[in-house]
Amino acid sequence: MMRLDRMLSDMGVSSRSQTKKAIRQKRICINGIPARTSDVKIDPDSDQITIDGFLVAYQKYAYFMLNKPQGVISATEGGCETVLDLIDSSIPDLFPVGRLDKDTVGLLLITNDGELAHNLLSPSKHVDKEYEVELLHPLSDEDILKIEKGIRLHDEEFQPAVYKKMDDLHCRLIIHEGKYHQIKRMMEALQNEVVFLKRIRMKNLVLDENLQLGQSRELTAEELRDLKEQGR
Ligand code: URA
């Protein structure tokens with residue numbers, strides 16, 4: 001059970017004061033009967049809440065897929081534009097699941113579901129992250145072998161990654177860790193340089209190519225179900 005005004009504010013549907021006002025105007029109904037107070041307790045899973053006759057289906061958490069553009073940071077606050085500024089929603093407590101560098105583009109999951117975020121980011125889960133990479137120099141066969149076997153640089157180690165060649169300067173890399181600047185640093189270890197980096201997949205969530213840079217959309221029920229499945 002939860003308060004009606006809490007349910008509506010958690011979902012970003014209306015603030016507490018907006019809910020109060022709507023109740024006075026008899027616009028909110030619970031199972032067909034106009035609500036009388038905003039603090040009335042409801043069962044969000046079984047009670048039917050409508051505003052102006054439209055059903056408000058309860059969703060505990062929100063999940064957005066963003067095609068992150070260059071120049072915005074993967075943080076919830078900071079001096080410059082953040083990925084949250086690109087999400088058109090008043091749902092509270094949203095945060096990005098993991099980070100992409102300021103100049104990296106592509107798939108970023110934004111949610112307020114801490115448990116899912118933890119499961120996707122936990123190093124022990126080895127969730128796949130797939131990137132399109134453009135390099136300054138072609139990779140040698142020896143470089144590719146190192147990528148596939150794991151790279152060791154000074155006291156740092158990168159676990160084996162999957163390499164898929166596109167052409168001499170373009171490839172896809174699948175990594176299972178999420179170290180800071182990981183792909184850039186792997187390429188630096190091979191005396192190469194990343195010119196352009198785009199994430200296209202995280203676990204089984206694939207970037208929707210219909211999303212322009214800076215655009216986002218909610219995950220479908222199927223995408224969410226797959227993302228919550230065990231495995232990487
Ligand atoms: N690796 C990087 O170097 N940067 C990213 O943003 C993601 C992976």
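**Cores, a helix face and a ligand site**

Beyond its neighbours within four places in sequence, Ile-183 touches six residues that are worth finding on the structure: Tyr-131, Val-133, Leu-173, Ile-175, Val-194 and Leu-197 are each in contact with Ile-183. The model examined here is a predicted one.

Ile-183 is a good place to begin a tour of the interior. The largest nonpolar core has 33 residues, and Ile-183 is among the members that touch the most others, together with Ile-110, Val-133, Ile-147 and Met-187. Several elements each supply at least two residues of this core: the strands β7 (63-68), β9 (105-111), β10 (129-135), β14 (170-175) and β15 (194-202), and the helices α4 (141-149) and α5 (182-189). The most generous contributor is α5, which gives four residues to the core. The core also draws on two domains, with at least three residues from domain 2 (61-122 + 208-232) and at least three from domain 3 (128-202). Apart from this core lies another one of 16 residues, including Val-97, Leu-116, Met-202 and Leu-227. As general background, nonpolar side chains in soluble globular proteins tend to be buried together.

The helix α4 offers a friendly example of how two sides of one element can be told apart. Its buried residues are Asp-143, Ile-144 and Ile-147. Viewed down the axis of α4, these buried residues fall within an arc of 100°, so they line one face of the helix. On the other side of α4, the residues Asp-141, Glu-142 and Lys-149 are exposed. What do the buried residues of α4 pack against? Their partners are β11 (151-153), β13 (162-167), β14 and α5. Just after α4 comes Gly-150, which takes a positive phi of about 110°.

Positive phi values also turn up in residues other than glycine. One of these is Asn-31, where phi is near 50°. Asn-31 sits in the loop between β2 (28-30) and β3 (33-34), and with a relative accessible area of 43% it is partly exposed. Another is Gln-191, with phi near 55°. Gln-191 belongs to the loop between α5 and β15, and it is exposed, as its relative accessible area is 67%.

A further loop, the one between β7 and β8 (95-96), holds Ile-73. Outside its neighbours within four places in sequence, Ile-73 is in contact with Gly-78, Cys-80, Glu-81, Thr-82, Val-83 and Lys-102. From Ile-73 to His-137 the separation is 64 residues in sequence and 27 Å in space, taken from C-alpha to C-alpha.

The tour ends at the ligand, where Ile-183 appears once more. Which residues are around the ligand? They are Leu-100, Asp-101, Thr-104, Tyr-131, His-181, Gln-182, Ile-183, Lys-184 and Leu-197. Three of the polar approaches can be followed atom by atom. A polar side-chain atom of Asp-101 lies 2.7 Å from a nitrogen atom of the ligand. For His-181, a backbone N or O atom is 3.3 Å from an oxygen atom of the ligand. Lys-184 likewise places a backbone N or O atom 3.0 Å from a ligand oxygen atom.

Notes: Residues numbered from 1 in each chain as written. Predicted model: local features only at pLDDT ≥ 70, side-chain atom pairs only at ≥ 80, totals over all residues. Heavy atoms only, no water. Core = buried A, V, L, I, M, F, W, Y, C linked by side-chain atoms within 4.5 Å. Buried < 20%, exposed > 50% of the residue type's maximum accessible area, 1.4 Å probe, protein only. Domains from an automatic or database assignment. Contact = heavy atoms within 4.5 Å. Arc of directions from axis to C-beta. Near = heavy atom within 4 Å. Polar contact = N/O pair within 3.5 Å; in protein donor to acceptor, adjacent residues only side chain to side chain.
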